[in-house]
Amino acid sequence: MTVTLADIQAARRVLRGVISATPVLADERLSDDLGARVFLKAENTQRSGSFKIRGAYNTISRLAPEERARGVIAH
C-alpha cells in the first residue's frame, strides 16, 4: 500500500487532540558518525510511551461499524 500526502494529512486530523506533540531532537553523536544532520522524534514522550498510539488510533478510527462492534484485540 502506498501512503500518500493526503493519507498523512487525514491521519493528522484524526489524531489532533488525541496525541501529544512530540519534540524532534538533534542527535549530535549520530550526526558526527554519519557526516549528516540526524534528528530523532521523541515519541517516548507520548502518554503511551511509544509511537504506537498513532497507528493504532488511526486504524481503529477507520473501522466500519460492524468491524468495531466485533472489538479490537491488541498486545
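# Notebook: starting from Ser31

I began with the neighbours of Ser31. Leaving aside residues up to four places away in sequence, Ser31 touches Ala36, Arg37 and Val38. I note here that the model is predicted.

**Entry: where Ser31 sits**

I looked up the element next. Ser31 belongs to helix 2, which covers residues 28–34. Is Ser31 buried or exposed? I found a relative accessible area of 6%. The cut-off for buried is under 20%, so Ser31 counts as buried.

**Entry: Asp7**

I then went to Asp7. This residue lies in helix 1, residues 5–15. Its relative accessible area is 31%. Partly exposed covers the range between 20% and 50%, so I put Asp7 down as partly exposed. I also checked a distance from Asp7. Thr22 is 15 residues away along the chain. The C-alpha atoms of Asp7 and Thr22 are separated by 20 Å.

**Entry: the fold**

How many helices and strands does the chain have? I noted four helices and two strands. From the N terminus on, I read the order as α-β-α-β-α-α. The radius of gyration is 16 Å, while the globule rule gives 11 Å for 75 residues. The value is well over the rule, so I recorded the chain as more spread out than a compact globule. I looked up the spans too. Along its principal axes, the C-alpha trace covers about 50 × 25 × 20 Å.

**Entry: burial, contacts and surface**

What share of the 75 residues is buried? I wrote down 16%. Ser31 is one of the buried residues. For contacts, I took those with a separation of 6 or more. Of these, 34% are between residues 24 or more positions apart. The accessible surface of the chain is about 6,300 Å². Carbon and sulfur atoms hold 58% of that surface.

**Entry: charges**

I looked up the charged side chains. There are 12 positive and 8 negative ones. How far apart are the centres of the two sets? They lie 9 Å apart.

**Entry: the record**

I turned to UniProt last. An unreviewed entry there gives the feature "domain: Tryptophan synthase beta chain-like PALP" at residues 18–74. I checked that span in the model. It is 40% helix and 11% strand. The end C-alpha atoms of residues 18–74 lie 18 Å apart.

Definitions and conventions. Residues numbered from 1 in each chain as written. Predicted model: local features only at pLDDT ≥ 70, side-chain atom pairs only at ≥ 80, totals over all residues. Heavy atoms only, no water. Rg over C-alpha atoms; globule rule 2.2 N^0.38 Å. Buried < 20%, exposed > 50% of the residue type's maximum accessible area, 1.4 Å probe, protein only. Contact = heavy atoms within 4.5 Å. Areas by Shrake-Rupley, 256 points an atom, 1.4 Å probe, with all protein chains shown as cover. Lys, Arg positive; Asp, Glu negative; His and termini not counted. Charge placed at Lys NZ, Arg CZ, Asp CG, Glu CD. UniProt positions renumbered as here; feature names shortened; annotations may be inferred.
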